[in-house]
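Open the model in your viewer and keep the selection tool at hand. The stops below go from the whole chain to single residues.

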Amino acid sequence: MLETKKHRPCLLYYDMLSYCDTVRGLLEEHFQVITLPDPSYDTDDILKTVEVCMAPLGFKFDRAKIDKCPKLKVIASSTLSVPHIETDYAMLKGIGVCSLSNEKEFMKSITPTSELTWGLIIALTRRIPWAHKMVCSGQWNGRELGRKTPKMLSRMNLGIIGLGRLGSLVAAYGKAFGMRVYYYSPTSRDDSYERCENLSDLAACSDIVSVHAHLTPQTVKIINMDFIQAMRPGSFIINTARGALIDESALLNALQSGHLGGAALDVLAEEYELDFKASLKNSPLVEYAKSHDNLIITPHYAGATIDAWEKTQMRFFDLLYEAINVKNH
């Protein structure tokens with residue numbers, strides 16, 4: 001056990017993680033916490049002292065960094081997957097990797113991402129942001145917007161890429177709207193919906209495609225020009241998963257040409273780059289969205305509700321506390 005404050009393990013935390021006050025307090029109580037803005041501020045002297053190191057998405061925790069941490073016992077990432085951590089090398093060195101990847105039952109209670117997905121679907125297909133803007137500018141002409149809405153949701157087909165926890169929730173909501181639901185998933189089966197053998201088949205039969213795949217080297221840009229061209233003219237793409245799953249140049253071309261009816265993105269491909277916020281204003285997608293009514297971009301906040309943050313961070317702290325106790329005995 002972590003018996004006294006005198007023997008608290010040294011933990012490196014980054015402000016960019018923005019953990020809630022309750023969990024920050026628990027970290028301070030049970031660990032000697034060193035705080036930096038983000039991993040670009042790491043120094044060799046600090047890394048030599050840490051026994052637990054947080055690992056934010058967007059920053060590689062590879063063997064080079066592991067080798068700079070001779071006292072390291074646990075790498076901690078409060079994420080569902082750890083593509084940024086060289087897990088095989090960590091295990092070879094006897095270092096534990098703590099994440100939420102095995103917390104499937106717990107994560108079923110965390111629903112805001114699937115909820116925002118449906119918020120984006122409705123906002124995009126019914127053009128709610130632009131309806132609000134119309135009224136604020138003194139106009140009251142709903143029929144003009146209605147002419148850009150060819151179908152009721154109940155007359156549309158919904159295509160799901162990745163029928164895991166979130167994809168299943170979104171599919172169930174689609175069925176509740178009276179939609180015909182198709183899915184493509186190499187690892188999941190659900191007879192409640194219609195399975196497609198490949199992505200091209202899914203594209204061809206869907207009016208709305210919602211992306212819920214994990215990002216791996218194999219899934220980078222799975223939504224590419226071929227996929228988009230296979231989609232029905234006037235159809236829609238929603239992405240609340242990872243930005244790099246979509247070829248953004250192909251998406252922009254399809255929006256500009258009118259082949260796609262619209263897209264709604266809560267994620268962008270370059271968002272984990274260090275200079276992303278500074279370069280955001282130069283993004284071709286953002287520039288396009290400023291003057292067109294068929295693209296919605298939100299700042300990766302699908303999972304961002306206070307209760308969801310608190311629940312997941314508290315669960316992650318429990319896992320981390322257990323992991324470091326195991327390593328200390």
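Begin by colouring this predicted model by pLDDT. The mean for the protein is 95, and 98% of the residues reach 70 or more. Now select residues 1–5, where pLDDT stays under 50. The model has 10 contacts beyond four places in sequence for this stretch. Where pLDDT is low, the predicted coordinates should not be read in detail.

**The open sheet**

Next, show the strands E1 to E5. In what order do the 5 strands of the open sheet lie? The order is E2-E1-E3-E4-E5, with parallel pairing. Select strand E2 (32–36) and strand E5 (96–98) to see the edges, as each of these pairs on one side only. On average, neighbouring strands of the sheet are turned by 20° against each other, direction ignored.

Zoom in on strand E1 (residues 10–14), which runs parallel to E2 and is joined to E2 by 5 bridges. For one bridge, pick Tyr14 and then its partner in E2, Leu36.

**Helix H15**

Add helix H15 (residues 306–327). H15 lies across E1, strand E3 (52–54), strand E4 (74–76) and E5, and runs at about 170° to E4. H15 has 22 residues and spans 31 Å from first C-alpha to last, close to the 32 Å expected at 1.5 Å a residue. Colour its buried residues, including Ala308, Thr312, Phe316, Leu319 and Leu320. An α-helix has 3.6 residues a turn, so residues three or four places apart point the same way.

**Two cores**

Leu320 leads to the next selection: this residue is among those with the most contacts inside the largest nonpolar core, along with Leu11, Leu27, Phe31 and Ile75. This core has 43 residues, and its largest share, 6 residues, comes from H15. Centre on Leu11. Beyond four places in sequence, Leu11 is in contact with residues that include Leu27, Phe31, Val52, Met54 and Leu320.

Apart from this core lies another, of 32 residues, with Cys196, Leu199, Val209 and Phe227 among them. In soluble globular proteins, nonpolar side chains tend to be buried together.

**Ile222**

Finish at Ile222, in the loop between strand E9 (208–211) and helix H11 (225–230). Is Ile222 buried or exposed? Its relative accessible area is 15%, so Ile222 counts as buried, the cut-off being under 20%. Show its contacts beyond four places in sequence: Ile161, Leu199, Ala213, Phe227 and Leu245. To relate this stop to the sheet, draw a C-alpha to C-alpha distance from Ile222 to Leu36: they are 35 Å apart in space and 186 residues apart in sequence.

Definitions and conventions:
Residues are numbered from 1 along each chain as its sequence is written. This is a predicted model: local features need pLDDT of at least 70, side-chain atom pairs count only at pLDDT 80 or more; totals for chains, interfaces and linings use all residues. Side-chain values use heavy atoms; hydrogens and water are left out. A nonpolar core is a set of buried Ala, Val, Leu, Ile, Met, Phe, Trp, Tyr and Cys residues joined through side-chain atoms within 4.5 Å. Buried means under 20% relative accessible area, exposed over 50%, partly exposed in between (1.4 Å probe, protein chains only). Helices (H or I, at least four residues) and strands (E, at least two) are DSSP runs, numbered from the N terminus. Contact means heavy atoms within 4.5 Å. The expected span of a helix is 1.5 Å times one less than its number of residues. pLDDT is the predictor's confidence in each residue, from 0 to 100. Two strands pair if DSSP finds at least two bridges between them. Axes are lines fitted to C-alpha atoms, for helices over the stretch in contact, and angles run from 0 to 180 degrees between N-to-C directions.
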